[in-house]
Amino acid sequence: MNDGFFFTETTIPVELLEESVRNASGKAVVSLQGVIRRDRKGSEELDHVVYEAERIRAGDEIDSMAQEVRERWHAELLFRHRLGTVRVGETSVFIAVSAL
């Protein structure tokens, strides 16, 4: 399962990732999906969020967390995060943890 962490500027294929995690591990899996919700800022209704990141620094931090997950809990971590414009109803982050 551990193909690590990465950013994407396209839709996160949640169903495909969940299926791959379950098939790869054959063990317990927990996943979390963050979806953009409609909100208001003052009188203006928001219909999207724009994400930016320092890819190398953020990637290094997630790699470090994934290593700790493997060592402390004997589990694998899969992490995807959207960058750029993410509209209401779209997934901005997907995380899956699977027992080894």
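**Reading the fold and its core**

Mentor: There are two helices and eight strands in this chain, and keep in mind that we're looking at a predicted model.

Trainee: What pattern does the chain follow along the sequence?

Mentor: Read the elements off in sequence order. Here that gives β-α-β-β-β-β-α-β-β-β.

Trainee: And how do I get a feel for the dimensions? What box do the C-alpha atoms fill?

Mentor: Take the box along the principal axes: the C-alpha atoms fill roughly 50 × 30 × 20 Å. As for the outside, the chain has an accessible surface of about 6,700 Å², and carbon and sulfur atoms account for 50% of that.

Trainee: How much of the chain is buried?

Mentor: "Buried" here means under 20% relative accessible area. Of the 100 residues in the chain, 31% make that cut.

Trainee: Which residues form the largest nonpolar core?

Mentor: A nonpolar core joins buried residues through side-chain atoms within 4.5 Å. In this chain the largest one has seven members: I12, V14, L17, V21, L78, F94 and A96. Two elements, α1 (14–25) and β8 (91–99), each give two or more residues to this core. The largest share, three residues, is from α1.

Trainee: Let's zoom in on V14. Which residues does V14 touch, leaving out those up to four places away in sequence?

Mentor: V14 touches Q33, T91 and F94. F94 is itself in that core list.

Trainee: What share of the contacts with a separation of 6 or more links residues 24 or more positions apart?

Mentor: That share is 73%.

Trainee: Last one: how far apart are the mean positions of the positive and negative charges?

Mentor: Average each set, then compare. With 13 positive and 18 negative charges, the mean positions are 3 Å apart.

Conventions:
Residues numbered from 1 in each chain as written. Predicted model: local features only at pLDDT ≥ 70, side-chain atom pairs only at ≥ 80, totals over all residues. Heavy atoms only, no water. Buried < 20%, exposed > 50% of the residue type's maximum accessible area, 1.4 Å probe, protein only. Helix = DSSP H or I, 4+ residues; strand = E, 2+ residues; numbered from the N terminus. Contact = heavy atoms within 4.5 Å. Areas by Shrake-Rupley, 256 points an atom, 1.4 Å probe, with all protein chains shown as cover. Lys, Arg positive; Asp, Glu negative; His and termini not counted. Charge placed at Lys NZ, Arg CZ, Asp CG, Glu CD.
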